[in-house]
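Please look at the structure shown here and follow two of its regions in turn, one built from helices and one built from strands.

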Amino acid sequence: MRKKERTIIEDILITDAGSEGMAVGHWGEKVVFLRNAVPGDVVDILLTRQKKSFCEGRLLKVKSYSDKRTTPICEHFGVCGGCKWQNMLYEHQLFFKQKVVKDNLERIGKVEIMEWLPILPCPEIFHYRNKMEYSFSNVRYLTKEDMETPDEKKNMNALGFHVSPSFYRVLDLEHCYLPPELSDRIRMCVREYALANKLEYYDMRSHEGYLRNLFVRSSSMGHWMVNMVFAYDDKTSRDAMLSHIANAFPEITSLMYVINEKKNDVISDLPVELFKGDPYIVEELEGIKFKIGPVSFFQTNSTQVLALYRLVREFAEIKSTDVVYDLYTGTGTIANFIAKDADRVVGVEYVKAAVDDAIENSQMNGITNTVFYDGDMAKVLTPEFVRQNGKPSVIITDPPRAGMHPDVVDQIIRMGAERIVYVSCNSATQARDAALLKENYTIAKVRAVDMFPHTQHVESVMLLIKK
Ligand code: SAH
């Protein structure tokens, strides 16, 4: 068989860092995408995929290093895939995040923006994540060096993150700099306990083994939730392990477990059993408390979420006579945050459990002017719904990555609110939706918000004013 030809392209200048965290260069007419390079680098690339207008490749050698580079602090950089931009200075990460939003809105969506506000940086660029999900696997991801060291191949257990491209391969994490440092210590303690007690790690192919997942969440109030997921019930061993964790970490305020006998990792359809402490942790924003249960949604950066919601409130300019619709309300966080400024807030969300949390969050804070509905947005937002709940003067919308269904955009246009604040975690779909709204609405302001330093993710907050 003929050996596949290797195409190496040399001396390519990296000019951009795009969405999906890819570095971008040009090879003749074609755009080249690759990982781990930084704009300003000059590199040699091994091509791995060639298409008509673009190709993909692997970084072979950096010929000249960009002055936008910095040394990643994490030893797992380049393998883990979580922090694709940790090798880029933070000020430049911000620049390219803003550029992604700008390119999507102006170039792709072709929408005219009256005012761009500078991207809002995150005050803490490490240890900002309040939620971590670690997996146990008996197939450890081996680096090239591991494979050359016979001893390294003996212990194949790993507790950490899935590493692409194979789902069952897990990186055995030593450090992760995204959550507070206690999250690392808890994971390491669990790992040492499992080793000392010869507990079996899960095998994702044969579905055998005992330890499956470890979830760690925290709040800015200093509350800590640890949730251990076991593949089957073994009371003696489970009690021993959870007692060990509880004794080692008095900081844990909610210690819980789940028995997951299913083939998939989803736990939201399973009972969560409380071992010690409270069934939830509490987050607080401007004195408003939010209960966070083991499967509740809450934005993952507790500090920056406050900046995001304050920006939403600033854009919304809510008056005491306003009826506000908070679409895709999740656990009603924005709705409850702005309730005191409005006459009434109507939240809509399709996860029933989240709506229950939203109602409870209002009750817990003595907020009486909110109402929440569960259901699919395109079906819930009918003229009848608007008659019942009142025509909104302000709409806040925070859809998932896919953006809004065209029927939802239509209904929004028909409702004719004066102001719309559109919060998006994917400016490409926000651009598509804004293009549909631009006949009826002026896009007054846009501000990107960085909630996730070192990753390519960026929030985009847009204010639309009725023409
Ligand atoms: N605004 C919230 C959560 C936003 S996440 C906050 O800041 O915390 C987006 C939410 O949209 C999720 O809770 C998701 O369950 C909900 N969602 C996704 N598709 C939906 C649909 N078709 N109809 C209603 N809600 C939907």
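Which residues in α10 meet which residues in α11? The model in front of you is predicted, and in it Val 409, Ile 412 and Ile 413 of helix α10 meet Asp 433, Leu 436 and Leu 437 of helix α11. Sorted by class, this contact of α10 with α11 has five nonpolar residues and one charged residue, while polar residues are absent from it.

The way these helices lie against each other can be described by their axes. Helix α10 covers residues 406-415 and helix α11 covers residues 427-437, and their axes come within 10 Å and cross at roughly 40 degrees. Because of that angle, α10 is counted as oblique to α11. The crossing of α10 and α11 is also right-handed.

The other region is centred on strand β8, which spans residues 158-162 and is mostly covered, since four of its five residues are buried. Strand β8 is joined by bridges to strand β7 and to strand β9, as the table sets out.

| Strand pair | Residues of the partner strand | Bridges | Direction |
|---|---|---|---|
| β7 and β8 | β7, residues 131-137 | three bridges | antiparallel |
| β8 and β9 | β9, residues 170-172 | three bridges | antiparallel |

Individual residues can be matched across these pairings as well. Gly 160 in β8 is the bridge partner of Ser 135, and His 162 stands opposite Val 170, which belongs to β9.

Conventions: Residues are numbered from 1 along each chain as its sequence is written. This is a predicted model: local features need pLDDT of at least 70, side-chain atom pairs count only at pLDDT 80 or more; totals for chains, interfaces and linings use all residues. Side-chain values use heavy atoms; hydrogens and water are left out. Buried means under 20% relative accessible area, exposed over 50%, partly exposed in between (1.4 Å probe, protein chains only). Helices (H or I, at least four residues) and strands (E, at least two) are DSSP runs, numbered from the N terminus. Two strands pair if DSSP finds at least two bridges between them. Axes are lines fitted to C-alpha atoms, for helices over the stretch in contact, and angles run from 0 to 180 degrees between N-to-C directions. Angles under 35 degrees count as roughly parallel, over 145 as roughly antiparallel, 65 to 115 as roughly perpendicular and the rest as oblique. A crossing is left-handed if the near helix is turned anticlockwise from the far one by less than a right angle, and right-handed if clockwise. Contact means heavy atoms within 4.5 Å. Ala, Val, Leu, Ile, Met, Phe, Trp, Tyr, Cys and Pro count as nonpolar, Asp, Glu, Lys and Arg as charged, and the others, Gly among them, as polar.
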